[in-house]
Amino acid sequence: MDSTQQNVQPISPSNEKNEATPAIGGGLPVIEYWAEHTLSLEGPKLWKTLLHNSACLSCSWGTGGQKGGFTNEEGEKLQRCMKSVESISAELKPAVPMQVFEQRSIDQLQQLTSMEADQLGRLGYPMILREKTSYYERVSWEEIYQIAEAAFRKQPERVASYSSGRSSNEAAFLLQLMMRTLGSNNLADCSDLCHAPSTTGLNKMFGTRTSIVSLENLKKADCVVLAGSNPSYNQPRLMNELIKLRDRGGKVIIINPIMEIGLVKFGSPAFPVKSLIPGSEIASLYLQPIPGSDTALFVGIQKSLIEQGLAQENYLCAYTEGWEAVVEQAISTSWETITATCGVSQPEIEAAATIIGTSKGVVFAWAMGITQQKNSVDNVYSIANTALLSGNVGKEGAGVMPVRGHSNVQGFGSMGVTVDLKKEIQKTLEALLGRSLSSVKGYNTRSLIEAADAGKVDTLICLGGNLYGANPDSAQAKRALGNIDTIIYVATKPNLGHFHGLAKVNTIVIPVLNRFENPYKTTVESGNNFVRFNDPGETHLKDADLIPEVMFLTELAHRIHGNDPVDWRRLQDTKYVRQLIAQTIPGFEKMAAIDETNEEFTIGGRIISEPHFPTPSGKATMFITPLPTLSLPTVKEFGVPESTQGIVVALMTGRSYSQHNTVVYKIDDKYRGMPHRNCILMNQSDAEQAGLHAHQRVTVQGNVGKLEQVEVIYGSVRPGSALMFYPEVNVIFHPEIETRSGTPAYKRVPVLVHA
Ligand SMILES: Nc1nc2c(c(=O)[nH]1)N[C@H]1C(S)=C(S)[C@@H](COP(=O)(O)OP(=O)(O)OC[C@H]3O[C@@H](n4cnc5c(=O)[nH]c(N)nc54)[C@H](O)[C@@H]3O)O[C@H]1N2
Ligand SMILES: Nc1nc2c(c(=O)[nH]1)N[C@H]1C(S)=C(S)[C@@H](COP(=O)(O)OP(=O)(O)OC[C@H]3O[C@@H](n4cnc5c(=O)[nH]c(N)nc54)[C@H](O)[C@@H]3O)O[C@H]1N2
Ligand code: SF4
Ligand SMILES: [Mo]
């Protein structure tokens, strides 16, 4: 039997789990969670929200909208995972009484953990922390607008925004229009910390910035390559597609330094009899590369495709440019270099190439393990090169698919909330404004922090998110934000950013309604390029003083800009915002009629099912991808005595099972057997080599700080690497940054682990 006909067992010596790890991901605990919440006191409110015609709040896979809360774009029913319950449940909490803030000083609030901050409840009242005071106090809307108006009248280059992808397209569009009307391009966004390398890489290669695969197309694939992505935690319904693919005889190749139990075997409630308790096999082949080495692994796959005669040369000649150099690189890079760089053996790489080269349609999917690296754009190129070399772009059941993050993060990019604005949008916006946009390059998230640290920012508005918690080097983030005169946080829930990310003069927190509470209709865009239309709703926070996001943004813009270039107050009716979007954003033409038709749609030009690309030549451009040179500092370089017993590892920082980004819902991660947040998941051999043992409390030291009393947990992590959770771990490192996209290398942080 050849390797493609069986489940290839990993050769890497790291598949031993700890005793606390369950045998499958998903499974009964998911149902128990559902039952616990939907049958509890909050149950009726939860059900009402789940059934509301609006898109799921949580991840970018996307469900809900006009077809009801339980239907996806293919009309399939029973599509809602426990993560959506988790996120809704957090939004259904009562408002935090104003006394909580009036009686707890900022010092006391700073003692809260992320989970405690979230559990305070919903933000209910506009509040301000004034210079030299220690307590947030309630503030009138009129005073807010006065302070904000004055703050936005500063030099445009000194005014900035940051945003997170939960708000609507309408709010996103208004934010960027307000900023660009001001003459500022400083539109930092959470995607800068996330999929910016995918956007950059796909744009250069294909002239498009998002996934080219529709859900319909994914359902026709017979192989999925999933690199650096853990949908069993972060996009659970994608798991159903993998289960169905395996059922129809397809193969799944997982590339991940950690053997994630949910990617080995997953029990899905969508298939109660077949999958829930026994669990369904997910990985046909599981490769565990060294963190940060995926480019080498994909060059190896390319090399093997060529050696096995599986490269599609006719396809390359007809539909691509620059392929000769890519083929030449694969041929001339030796197997020794490839295997030494990525740590995966030649037979394993060849097995992957055989599966890819003999499948009819392969979808290549990836997420943060690929993008949060020093060479992340090369990682994206190397994946897409592999897809092209095997003829898997521009046909049914195949393509490249970044697995996106927040439920509307992609919509923010489409709406022009980016420092890398599409030329077409620039033109349409200039036509709307009747003048040129500023030519000063805007700050992305990291350069915003650097600029603020250097005293170059006066005013910042944050539409959602947690800029403080999401950034690495927490001390720098805090110091940088502390240099800004005025910060306006527009948010649904309190988070650590509101307590640590304080401005020099005025920190204002604006409580807003969420997606299912807005008094008007809104839209969002999923990672599969599908636009969903959300019905108006109502809030349970009857006695509080919240504002719809669009109402706040339009009023603020009106105060700053009057009627330039539009009647901002009229845009409080989001129907008019949608008309502006249809008029200015390519692919969104159907938005003009959506209020009449209720017709949700796939954005024009995004799904590529023919090998013709929106590039000037119509061909895809391929780029060679230098192999990374990966080394780790020595123990001594951490400034500790040479005799220190410890080990330097490549630390991956990411998500536990029960958190949404900087917001922690539960402290344990049961699928990795990690009982609390202050754990490091390590390989047993690494720990023993350093004289450490399971459950020992150790120090984990990065380049700008350390965490103490960290519990060692053994897990199926590749030797030489380890995992810890953000946002807590962000205090210890100042990362390397990928230069083309600005994204931090969160997934390869050199740290010293010692007793
Ligand atoms: N429930 C829930 N859902 C979410 C989120 C959440 O926090 N909670 N966050 C949302 C957001 S904003 C995003 S961006 C996505 C994040 O979704 P993911 O990208 O899946 O999240 P991460 O846990 O950061 O990292 C994914 C995987 O990368 C692997 N990895 C680390 N380093 C490497 C490497 O060098 N190579 C390879 N091949 N793999 C590596 C890790 O082991 C991990 O399994 O999820 C979105 N959905
Ligand atoms: N070390 C490390 N750091 C990371 C990462 C990592 O993997 N490792 N991942 C990075 C990634 S991929 C991302 S995307 C960032 C995430 O960074 P952010 O997007 O900045 O952070 P979140 O934690 O998602 O923001 C949560 C807050 O959003 C607000 N919110 C929720 N819904 C709404 C809404 O409808 N409207 C408004 N106005 N506010 C709302 C709530 O107040 C909530 O507390 O973190 C990055 N940081
Ligand atoms: S997979 Fe994502 S979009 Fe779908 S129900 Fe779960 S959290 Fe919501
Ligand atoms: Mo993200």
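## A buried serine, two ligands and two domains

S268 counts as buried, because its relative accessibility is 1% and the cut-off for buried is under 20%. That value, like the others here, comes from a predicted model.

Start with the surroundings of S268. This residue sits in a loop. The loop runs between strand β8 (265–267) and helix α14 (272–276). The side chain of S268 reaches the backbone nitrogen of A270, at 3.1 Å. Beyond its neighbours within four places in sequence, S268 is in contact with N240, I243, S275 and L276. Now look across to P548. It lies 280 residues from S268 along the chain. The C-alpha atoms of the two are separated by 36 Å.

Next come the domains. The domain assignment gives two for the protein chain. Domain 1 is made of 98–194 + 431–602. Domain 2 covers 636–754. Their C-alpha centres lie 32 Å apart. The two domains also make contact, with 19 residues taken from domain 1 and 21 residues from domain 2.

Ligand 2 links to this picture. Both domain 1 and domain 2 give residues to the shell around ligand 2, so the ligand lies between them. In total, 33 residues surround ligand 2. The closest are Y162, K493, E549, T662 and N730. By class, the shell has 13 nonpolar, 15 polar and 5 charged residues.

Polar contacts add detail around ligand 2. A polar side-chain atom of E549 lies 2.6 Å from a nitrogen atom of the ligand. For N730, an N or O atom in the side chain is 2.7 Å from a nitrogen atom of ligand 2. V490 takes part through its backbone: a polar atom there is 3.0 Å from a nitrogen atom of ligand 2. On its own, ligand 2 has 930 Å² of accessible area, and the protein covers 97% of it. Two elements give two or more residues to this shell: β15 (486–491) and β21 (646–654).

K493, one of the closest residues to ligand 2, leads to another buried residue. D118 touches K493. It also touches A90, P494, V663 and Y665, leaving out residues up to four places away in sequence. D118 is placed in helix α6, residues 114–119. Its relative accessibility is 7%, so D118 counts as buried.

Now turn to ligand 1. Here 30 residues surround the ligand. N256, E260, D294, Q659 and N661 are the closest. The shell has 10 nonpolar, 15 polar and 5 charged residues.

Ligand 1 has polar contacts of its own. An N or O atom in the side chain of N256 is 2.7 Å from an oxygen atom of ligand 1. The side chain of K747 also has an N or O atom 2.8 Å from an oxygen atom of ligand 1. N234 uses a backbone N or O atom, which lies 3.0 Å from a nitrogen atom of the ligand. Taken alone, ligand 1 exposes 920 Å², and the protein buries 98% of that. The elements that give two or more residues to its shell are α11 (231–234), α20 (368–371), β21 and β22 (659–660). Strand β21 is thus a place to look for both ligands: it is listed for the shell of ligand 1 and for the shell of ligand 2.

How values were computed. Residues numbered from 1 in each chain as written. Chains lettered and ligands numbered in written order. Predicted model: local features only at pLDDT ≥ 70, side-chain atom pairs only at ≥ 80, totals over all residues. Heavy atoms only, no water. Near = heavy atom within 4 Å. Polar contact = N/O pair within 3.5 Å; in protein donor to acceptor, adjacent residues only side chain to side chain. Areas by Shrake-Rupley, 256 points an atom, 1.4 Å probe, with all protein chains shown as cover. Helix = DSSP H or I, 4+ residues; strand = E, 2+ residues; numbered from the N terminus. Nonpolar A, V, L, I, M, F, W, Y, C, P; charged D, E, K, R; others polar. Domains from an automatic or database assignment. Buried < 20%, exposed > 50% of the residue type's maximum accessible area, 1.4 Å probe, protein only. Contact = heavy atoms within 4.5 Å.
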